[in-house]
Amino acid sequence: MSAEPSILIHKLRPQDLFIVFASDGLWEQLSDDAVVEIVHKNPRNGIAKRLIRAAIEVAAKKREMRYDDIMRIEKGVRRHFHDDITVVVVYLDNNQGWPNGGGRIQEDITTTPIDIFTFNSDNADFSP
């Protein structure tokens, strides 16, 4: 365990549509390509929760279990099957009609479409 965050610097370009901020619990189960595919192919509303479910499904498959089986495991014991997962998806393509927005990322991110979900296997129920 380390208090050092993993940091990647990427200059945003006009074709960038979203940013996914997630804890290592997501990235331990899903590749970058898998995350991008899920975000692109699904509705925005609830996308963070959908990513978490996909990660837990992969964790279950690695243990030769079904998703429902892993979710029935006692919460304190479930930690041995997958890490806690927090996901924030920020969509960047909502800036077309803004004044002076011509291709720039808006500075006030509070109006940008965001989807956030966290799942702690020790103290939270997760119903799809």
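This passage walks through the overall fold, then helix H3, its core and its packing partner.

The model is a predicted one. Its secondary structure adds up to five helices and three strands, and reading from the N terminus the order is β-α-α-α-α-α-β-β. The protein has 128 residues, and 31% of them are buried. Take the contacts between residues at least 6 apart in sequence: 65% of these join residues at least 24 apart.

Helix H3 is a good place to start on the details. This helix covers residues 47–62, which makes 16 residues. From its first C-alpha to its last it reaches 23 Å, close to the 22 Å expected at 1.5 Å a residue. Its buried residues are Ile47, Ala48, Leu51, Ile52, Ala54, Ala55, Ile56, Ala59 and Ala60.

Next comes the inside of the protein. The largest nonpolar core holds 24 residues, and the members that touch the most others are Val20, Leu26, Val39, Leu51, Val87 and Val89. At least two core residues come from each of strand S1 (18–22), helix H2 (32–41), H3, helix H4 (67–72) and strand S2 (85–91). H3 is the top contributor to this core, giving nine residues. As for Val39, setting aside neighbours within four places in sequence, this valine is in contact with Phe18, Val20, Ile47, Leu51 and Tyr91.

Val39 also turns up where H2 meets H3. A pair of packed helices is described by the angle between the axes and the distance between them. For H2 and H3 the angle is about 140° and the axes lie 10 Å apart. Angles over 145 degrees would count as roughly antiparallel, so at about 140° this pair is classed as oblique. The crossing of H2 past H3 is right-handed. On the H2 side, Val35, Ile38 and Val39 make the contact, and on the H3 side the residues are Ile47, Arg50, Leu51 and Ala54. Of these, Leu51 is also on the list of buried H3 residues and among the core members with the most contacts to other members.

After H3 comes Glu64, and its backbone stands out a little. Its phi is positive, at about 55°, even though this residue is not a glycine. Glu64 sits in the loop between H3 and H4. Is this glutamate buried or exposed? Its relative accessibility is 77%, so Glu64 counts as exposed, the cut-off for that class being over 50%.

How values were computed
Residues numbered from 1 in each chain as written. Predicted model: local features only at pLDDT ≥ 70, side-chain atom pairs only at ≥ 80, totals over all residues. Heavy atoms only, no water. Helix = DSSP H or I, 4+ residues; strand = E, 2+ residues; numbered from the N terminus. Expected span 1.5 Å × (residues − 1). Buried < 20%, exposed > 50% of the residue type's maximum accessible area, 1.4 Å probe, protein only. Core = buried A, V, L, I, M, F, W, Y, C linked by side-chain atoms within 4.5 Å. Contact = heavy atoms within 4.5 Å. Axes fitted to C-alpha atoms, helices over the stretch in contact; angles between N-to-C directions. Parallel < 35°, antiparallel > 145°, perpendicular 65-115°, else oblique. Left-handed = near helix turned anticlockwise from the far one by under 90°.
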